[in-house]
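Here is a friendly walk through a predicted model, one "how do you know" at a time. Have a look at the structure, and then we can reason from values to names.

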Amino acid sequence: MSPRAGHSANSSDTAAAAPPLTTLAFVESPVQLLNVLEWAHAAAATGPAGGLTVVVLSPNDPMTRGQLRRMSQLARDEGVEVRWEEARGGASAPFHTIGGLAGPLRRADRIVIGDPFSRYVQLLLTITRARSLVVVDDGTATMEFISQLARGERLVRWHRKGGRPGPRDLLFAPVSASARRRLTPGGTRAVEVFSSMPIDSAPDGVTISVNAFAWTRERFGPPRITRGADLVGTSLVETGVVDPDRYLEAVRALARSHGATRYFAHRRESSEKLHRLAVETGLQVVRPDLPLELIARRGPIGRTVLSFPSTVVHTLPLALAGTEVKVAVCDIDPAWLTESASPRAEGFLSGVTGTARDVHRLTSVITGAGAARGMGPAAG
């Protein structure tokens, strides 16, 4: 890895120091890869990040794959070795992937992961002997991971919590339990969480490091700021949390009341929903080729960025620090939730909004009237 990505440039200093750790990072989304780069950049300020290899466990979704390709090139430009794995390319793909990674997993001194809830990652954790584990952000799920780890609960994504475990959950339970034990510090095993999320407390022995998006700000921008507003999409419909008709009404109302012209689609939003949204709201739908934090930092970006409760209400203020861009978040009205939504959905989404710093709060959109009421800045 180049000095820019984490190695000290002074060879005489490193020669006398302990050998750097061999680090293996596993990512399944563009945001996870971005946050691995942020972690490596931050680690360079306090010590060498070590020989970093990023393993991309590629999904099948075309949008996610495209963004991962772009992020992989940015990582290579930073001197990071990237190993692309077609981890889901057929029934035999997982066996080939895990078999090929068994050796590197056993040799690695440190493992970095972006999604502790991923069954793929949990399975890989059962193989590693690494005594140093780092969890980087995979969005607001990091807050739920910390809470579940502190309570000793099984690792379950927040929008699935409350339902009965299915047959696959029961079959995978021993692997999940083993992964949770490996993510629990103890003895010579160290666990670090590198996060931009508001984490007030952590389990004993877990080190919390702050992700301030310093690498993003240094590499990109400042952006050109337009006069209008941009709206950020969410996959809450796709995950079965929010009713699609209510969501469309809310987007239409927000766009009308704030003069938004562009809609930055979440990579998981369906083409059918986006087509309907463009037709019925008149918004220009933009499918970003990089995580929104980088898109916004490069610009152009609206003077106001509107969002529903999601990761970006925490990350965009950091990535856009020092600019005049205002991030505003609109609460999710409980009436928008589907009957199948997790019992925890309302509280979790409210917590995402309530803990966001440096954002403006909007009450729930009045979808029938097509209006929204501003509430001013949220408390930090």
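Q: Which residues does Ile111 touch, not counting residues up to four places away in sequence?

A: This is a predicted model. In it, Ile111 touches Leu24, Phe26, Leu105, Leu125 and Thr128, and also Ala130, Ser132, Leu133 and Val134. Each counts as a contact because heavy atoms lie within 4.5 Å.

Q: What makes a set of residues such as the one with Phe26 and Ile111 a nonpolar core?

A: The members must be buried residues of the nonpolar kinds listed for a core, joined through side-chain atoms within 4.5 Å. The largest such core has 79 residues, and those touching the most other members are Phe26, Val54, Leu57, Ile111, Phe145 and Leu183. Helix 2 (residues 30-46) gives the largest share of this core, seven residues. Apart from it lies another core of 29 residues, including Leu236, Leu254, Leu274 and Leu362. As background, nonpolar side chains tend to be buried together in soluble globular proteins.

Q: Why is strand 2 (residues 51-57) described as largely enclosed by the rest of the structure?

A: Six of its seven residues are buried, so strand 2 is largely enclosed. Buried here means under 20% relative accessible area.

Q: How do you know which strands pair with strand 2?

A: Pairing asks for at least two bridges between two strands. Strand 1 (residues 22-27) and strand 2 have six bridges, in the parallel sense, and one partnership sets Thr22 against Gly51 in strand 2. Strand 3 (residues 81-85) is joined to strand 2 by five bridges, again parallel; there, Val54 stands opposite Val82 of strand 3. Both counts satisfy the rule, so strand 2 pairs with strand 1 and with strand 3.

Q: Why is Thr64 called buried or exposed, and what is it in contact with?

A: The cut-off for buried is under 20% relative accessible area. Thr64 has 2%, so the word is buried. Thr64 lies in helix 3 (residues 62-77). Leaving aside neighbours within four places in sequence, Thr64 is in contact with Glu28, Ser29, Pro30, Pro59 and Arg267.

Q: What makes Phe213 worth a look, and where does Phe213 lie?

A: Its phi is near 60°, a positive value in a residue other than glycine. Phe213 lies in the loop between strand 7 (206-210) and helix 8. At 1% relative accessibility, against a cut-off of under 20%, Phe213 counts as buried.

Q: Which peptide bonds ending at Pro222 and Pro300 are cis, and what is omega there?

A: From Gly221 to Pro222 the bond is cis, with omega near 5°. Pro222 has its place in the loop between helix 8 (214-219) and strand 8 (225-232). From Gly299 to Pro300 the bond is cis too, with omega near 0°. Pro300 is found in the loop between helix 11 (292-298) and strand 11 (301-307).

Q: How do you know which residues line the second largest pocket?

A: A lining residue has an atom within 4 Å of a pocket point. The second largest pocket has a volume of about 280 Å³. Of its 16 lining residues, Met143, Glu144, Ser147, Pro198 and Phe348 are the closest to the centre. Helix 6 (141-151) and helix 13 (345-354) are the elements that give two or more residues to the lining, and the largest share, six residues, comes from helix 6. By class, the lining has seven nonpolar, five polar and four charged residues.

Note on methods: Residues numbered from 1 in each chain as written. Predicted model: local features only at pLDDT ≥ 70, side-chain atom pairs only at ≥ 80, totals over all residues. Heavy atoms only, no water. 1 Å grid on protein atoms, 1.4 Å probe; cavity = no way out; pocket = protein on both sides within 12 Å on 5 of 7 lines; lining within 4 Å. Points joined across faces, edges and corners; volume = space filled by probe spheres on them. Helix = DSSP H or I, 4+ residues; strand = E, 2+ residues; numbered from the N terminus. Nonpolar A, V, L, I, M, F, W, Y, C, P; charged D, E, K, R; others polar. Buried < 20%, exposed > 50% of the residue type's maximum accessible area, 1.4 Å probe, protein only.
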